[in-house]
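Trainee: Could you take me through one part of this structure slowly? I would like a close look at the sheet and the helices that lie on it.

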Amino acid sequence: MERLGVFGGTFDPVHVGHVVVAAETRAQLGLDRVLLVVAGDPWQKRGKVVASARDRLALADAAVEGIEGVEASGIEVERDAPSVTADTLEALAGPDRELLLVLGADAVANMGTWRRLEETRELATVVVVERAGDVHAEPPGPGWRVERVAIPRLDIASTDLRERLRAGRPVDGLVPPAVVRTIHRRGLYTEER
């Protein structure tokens, strides 16, 4: 039975906090793999996403290069529909696979707004990633299978990174070096759209 972590997000841009979540979740829960699933059409963030889905996938690929058991996934980028977690979990499900949905406490608090929430509960165990000082988060309603992972507190936000890049300030140390190179090579985040 493969234990597969599914860690979705816009990753606009991906940063070291995202990589720490993926690697630490894999280690603490003994997962075979963790996928960074790049949202193709994040319907709840329409109008707020700066880089294209393809660019964000390239950044995620660069971020996880060489990290054992952590991979970027374009499953939602390839789908011609809004990114819905239950759809992604259904596409990844298999008889020999256990799915674990990796979520930060902020995402858990937002779950009540999700489409197809009931189906999501049946498809995966929720892994709540908590940083020191986070408020204890629980999925909405009864019947959820829940695991918890504690990670170091890294206060890095993609919004702040985009602002730094737009202002021409360095993001070294905040994003993996391969991501910095990819951002510069593709000319990303130089001006807000």
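Mentor: Happily; what follows goes from the sheet to its helices and then to one side chain. This is a predicted model, where local features need pLDDT of at least 70, side-chain atom pairs count only at pLDDT 80 or more, and totals for chains, interfaces and linings use all residues. Residues are numbered from 1 along each chain as its sequence is written, and side-chain values use heavy atoms, with hydrogens and water left out.

Start with the open sheet: six strands in the order 3-2-1-4-5-6, paired in parallel. Helices (H or I, at least four residues) and strands (E, at least two) are DSSP runs numbered from the N terminus, and two strands pair if DSSP finds at least two bridges between them. Strand 3 (70-73) and strand 6 (146-151) are the edges, each pairing on one side only. Strand 1 (residues 2-9) joins strand 2 (residues 33-38) through six bridges in the parallel sense, and Gly 9 stands opposite Val 38 there.

Now the helices. Helix 2 (residues 53-64) lies across strand 2 and strand 3, at about 170 degrees to strand 3. Helix 4 (residues 85-92) lies across strand 1, strand 2 and strand 4 (97-104), at about 150 degrees to strand 4. Angles run from 0 to 180 degrees between N-to-C directions, with axes fitted to C-alpha atoms, for helices over the stretch in contact (heavy atoms within 4.5 Å).

Finally, Asp 55 sits in helix 2. Asp 55 is buried, with a relative accessible area of 15%; buried means under 20%, exposed over 50%, and partly exposed in between (1.4 Å probe, protein chains only). Leaving aside residues up to four places away in sequence, Asp 55 touches Arg 186 and Leu 188.
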